[in-house]
Amino acid sequence: GCEELLTEKERIQCFQEKLAAFVAANYKPCQSPFGVTKELLYVKFVIDEKGNSGRAEILRGYDDCNKQEALNLVGKIPSMKPGQHRDKKVRTSFVLPIRIK
């Protein structure tokens with residue numbers, strides 16, 4: 001939904017805001033007997049040439065339950081327009097930070 005913006009900077013900011021909104025709406029932090037585990041996760045994933053997300057891996061995170069939830073969340077990211085380089089669709093990797101409070 002960010003393709004109509006004129007500058008690359010605006011499109012990147014729009015993408016980041018929409019991805020953050022998706023995470024906020026869909027991430028369910030894990031409960032422990034002591035409450036929610038607070039941490040900062042970093043999840044790396046790839047948007048392929050068809051616009052699907054995959055190849056997710058945790059770069060940083062401690063709680064196994066939260067790490068699994070983050071990987072599940074990446075699998076639920078809706079299909080999107082893939083990256084392009086010289087008029088050719090290409091894979092694009094992203095690192096998504098998820099702060100659990």
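Being three residues apart in helix H2, Lys67 and Asp64 are separated by about one helical turn. Their side chains meet in a salt bridge, with an N to O distance of 3.4 Å. Lys67 is partly exposed, at a relative accessible area of 22%, whereas Asp64 counts as exposed at 57%. The model described here is a predicted one.

**Salt bridges**

Two salt bridges are present in the structure. Besides the pair in helix H2, Glu8 and Arg11 join their side chains in a salt bridge of 2.9 Å, N to O. Glu8 and Arg11 both belong to helix H1 and are three residues apart, about one turn of the helix. Glu8 is partly exposed, with a relative accessible area of 48%, and Arg11 is also partly exposed, at 27%.

The two pairs are set out below.

| Pair | Helix | N to O distance |
|---|---|---|
| Glu8 and Arg11 | H1 | 2.9 Å |
| Lys67 and Asp64 | H2 | 3.4 Å |

**Glu39, a buried acid**

Glu39 lies in strand S3, which covers residues 39–47. Glu39 is buried but takes part in no salt bridge. The nearest side chain of opposite charge is that of Arg60, 7.0 Å away. A salt bridge needs a side-chain nitrogen of Lys or Arg within 4 Å of a carboxyl oxygen, so the distance of 7.0 Å to Arg60 does not qualify.

What does the side chain of Glu39 reach at 3.2 Å on the backbone of Asp63? The atom in question is the backbone nitrogen of Asp63. The backbone nitrogen of Tyr62 also has a polar atom of the Glu39 side chain at 2.7 Å. A further polar contact, at 3.2 Å, joins the side chain of Glu39 to the side chain of Asn66.

With neighbours within four places in sequence left aside, the contacts of Glu39 are Gly61, Tyr62, Asp63, Asn66, Ile98, Arg99 and Ile100.

**Helix H2: Asn66 and Ala70**

Asn66, the side-chain partner of Glu39, is placed in helix H2. Asn66 counts as buried because its relative accessibility is 0%. Outside the four nearest places in sequence on either side, Asn66 is in contact with Tyr27, Pro29, Cys30, Thr37, Glu39, Leu41 and Ile100.

Ala70 is likewise in helix H2, which runs over residues 64–75. Is Ala70 buried or exposed? Ala70 counts as buried, since its relative accessibility is 0%. Not counting residues up to four places away in sequence, Ala70 touches Tyr27, Leu41, Val43, Ile58 and Ile98. Tyr27 and Leu41 are thus among the contacts of Ala70 and also among those of Asn66. Ile98 is among the contacts of Ala70 and of Glu39.

Ala70 and Lys28 are 42 residues apart along the chain, and their C-alpha atoms are separated by 8.9 Å.

**The largest pocket**

The volume of the largest pocket is about 1000 Å³. Its lining is made up of 32 residues, of which Arg11, Phe15, Gln16, Met80 and Phe94 are the closest to the centre. Three elements give two or more residues to this lining: helix H1 (8–26), strand S5 (83–85) and strand S7 (92–100). Which element gives the most to the lining of the largest pocket? Helix H1 does, with 11 residues.

Arg11 therefore appears in two settings, as one of the residues closest to the pocket centre and as the partner of Glu8 in a salt bridge, while counting as partly exposed at 27% relative accessibility.

**Positive phi outside glycine**

Arg55 and Asp87 are residues other than glycine with a positive phi. For Arg55 the value is near 50°. Arg55 is found in strand S4, residues 53–60, and is exposed because its relative accessible area is 61%.

For Asp87 phi is about 65°. Asp87 is found in the loop between S5 and strand S6 (88–90). With a relative accessible area of 75%, Asp87 is exposed as well. Strand S5, at one end of this loop, is one of the elements that give two or more residues to the lining of the largest pocket.

Notes. Residues numbered from 1 in each chain as written. Predicted model: local features only at pLDDT ≥ 70, side-chain atom pairs only at ≥ 80, totals over all residues. Heavy atoms only, no water. Helix = DSSP H or I, 4+ residues; strand = E, 2+ residues; numbered from the N terminus. Buried < 20%, exposed > 50% of the residue type's maximum accessible area, 1.4 Å probe, protein only. Lys, Arg positive; Asp, Glu negative; His and termini not counted. Polar contact = N/O pair within 3.5 Å; in protein donor to acceptor, adjacent residues only side chain to side chain. Contact = heavy atoms within 4.5 Å. 1 Å grid on protein atoms, 1.4 Å probe; cavity = no way out; pocket = protein on both sides within 12 Å on 5 of 7 lines; lining within 4 Å. Points joined across faces, edges and corners; volume = space filled by probe spheres on them.
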